[in-house]
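Me: Please take a close look with me at one part of this structure, its loops and the covered places around them, and go slowly enough for a first-year student to follow. I would like one connected explanation, not a list.

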Amino acid sequence: MKKLFVLNGGAAVKPGNKSAYLDFKDPVAAFMKGGINTGDVLVYDATLKALAYDEIRNVQFSHAKDQSLWPADGTYDATIIRGSNYLTETLDLGHVVPLLEKLKGPIVPIGVGAQAGKYKKLSLPAGTVKAWKIIADKCETIGVRGFYSAEVFNDIGIKNVRVIGCPSFYRSLRPSITLGKLDPAAARVGLTLNKYLSADYASNATKTNRMQRALIEAVAKRPTSTLYSQGEREETLAIYLTGEEKTAQVRSILAKFDLLGHKEAEDLLANRMRAWFDVDDWAKDAAKTVDVMVGFRLHGNVIALHQGIPAVFFTYDTRIRELANTFAVPAVEIEDYMPVDLEKILEKADFSKVEHIYRQNYAEYHRFLTENKLNHVLAKPVAHPPEKALSTPNRVDVQPSMEDVIAWFRGEVDSLSGEIETLRGRAWGLELALRDARQPKAA
């Protein structure tokens, strides 16, 4: 019997070990506590689909200190680490070191990534560096997302890395993909949002949120469009709640993007929004509902791409930029901060590069799993691996007219000026309150 030990899988596994899902008896109660990133579940699901093991057991990094959860000596053929943002300046994996030292056999990370707002040299915690050096000694290669993640490993002296992208891109298990053709004017659009972006998760939070606002307006105008919640708290609650409770969640989202009173956006959020906790169901729904996916969630777009549905990224941090580059996915860069013309974006996006680069990256993924001696079910590649990972963006070049640019920035200046005045008013109110608090109280 082939047994697999998983670190940080983060989801339940269906019988047959090929599908991952979140096992919620009460989704409302779960999301009242906070959001849950279902993109992580997609990564785990895609990894399981590529591997072939009779028994799978998972332990989260957060529980790594609990020795009662550690596998007995010699009971597992291999250990894998589900890909995620493990290379950051704020995540210290020192508490995982004792478990990593104890584990026997190979430890193979699949799709590890660096996370920062902008490309820069990272100062990783000492515990994280120690953990990755142990892991590097226990595998042939570490599978990383792209060129930046490889550079971060190189900076700490780890050379045995292979750029494979993210396993979620290969969920179909096919050595090639063909993206469907689009009618830019009539395409059914799927939208993904990410409301709380800052620090390591956005090079510019203001630009990111304003671009999301513009995209919501553009997508909402299409009555056939759908908004997919990828574990966002308010969006998911708006789907499962009813009446005034539902309305309150919808208004909260609209307020976040300064869209209160926008009827089309309200209709999109109230009536055309979906959330899935089973990856198989999520994929099936996207396949029958949308012709193209656009937006700000990495795996919200990948759920389309691996099925041959075109997608366009809005890139705002190193993770999104790195993976969009690795697979040559068309991208709109938020730092350019240009008006959003959805039809022109879909018209100008070059998806042909994705098909070509996917075949090469698939071959690299096949080589990675094979050289690490993991039991897998990937078909034979139809191309050679790339000579090096892509690092050049596949930018969508819309070239808006001068009139559109002027109108865009006038609107943005007016809106942001209003926010500044609001903040000034609040600051003045706090100043007055502070003065009153400092005054000696009357006898």
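Reply: A residue is called buried when its relative accessible area is under 20%, exposed when that area is over 50%, and partly exposed in between. The model in front of you is predicted, and that should be kept in mind throughout.

Let us begin with Leu173, which sits in the loop between strand S9 (161-163) and strand S10 (189-192). Its relative accessible area is 22%, so Leu173 counts as partly exposed. The backbone angle phi of Leu173 is positive, near 65°, although the residue is not a glycine. Another loop, the one between S10 and helix H6 (205-220), holds Ala199, where phi is again positive, near 50°, in a residue other than glycine. Ala199 has a relative accessibility of 64%, and because the limit for exposed is over 50%, Ala199 is classed as exposed.

From these loops we can turn to the helices. Helix H12 (residues 318-326) is mostly covered, with nine of its nine residues buried; among them are Arg319, Arg321 and Glu322 as well as Ile320 and Leu323. Just after H12 comes Ala328, which takes a positive phi of about 55°.

A positive phi also follows helix H8, where Asp258 has a value near 55°. H8 itself (residues 243-256) has 14 residues and spans 20 Å from its first C-alpha to its last, close to the 20 Å expected at 1.5 Å a residue. The buried residues in H8 are Lys246, Gln249, Val250, Ile253 and Leu254. When you look down the axis of H8, these buried residues fall within an arc of 140°, which means that they line one face of the helix. What that face packs against is helix H7 (233-240) and helix H9 (263-271).

H7 leads on to an open space, since both H7 and helix H2 (38-50) supply at least two residues each to the lining of the largest pocket. This largest pocket holds about 390 Å³ of space, and of the 24 residues that line it, Asn37, Asn194, Tyr201, Arg297 and Arg319 are the closest to its centre. By class, the lining of the largest pocket has six nonpolar, ten polar and eight charged residues. You have met one of these names already, for Arg319 is also among the buried residues of H12.

The closed spaces can be read in a similar way. There are two cavities of 30 Å³ or more, and the second largest of these has about 30 Å³ of space. The second largest cavity is lined by Phe169, Ile177, Leu305, Phe327, Val329, Val354 and Tyr358. By class, that lining has seven nonpolar, no polar and no charged residues.

Finally, His299 shows in detail what a covered place looks like. His299 lies in helix H11 (residues 298-305), and its relative accessible area is 4%, so it counts as buried. Leaving out residues up to four places away in sequence, His299 touches Gly39, Leu42, Val43, Cys166, Ser168, Gln230 and Trp282. If you set His299 beside the loop residues where we began, you have an example of each class: His299 is buried at 4%, Leu173 is partly exposed at 22%, and Ala199 is exposed at 64%.

How values were computed
Residues numbered from 1 in each chain as written. Predicted model: local features only at pLDDT ≥ 70, side-chain atom pairs only at ≥ 80, totals over all residues. Heavy atoms only, no water. Helix = DSSP H or I, 4+ residues; strand = E, 2+ residues; numbered from the N terminus. Expected span 1.5 Å × (residues − 1). Buried < 20%, exposed > 50% of the residue type's maximum accessible area, 1.4 Å probe, protein only. Arc of directions from axis to C-beta. Contact = heavy atoms within 4.5 Å. 1 Å grid on protein atoms, 1.4 Å probe; cavity = no way out; pocket = protein on both sides within 12 Å on 5 of 7 lines; lining within 4 Å. Points joined across faces, edges and corners; volume = space filled by probe spheres on them. Nonpolar A, V, L, I, M, F, W, Y, C, P; charged D, E, K, R; others polar.
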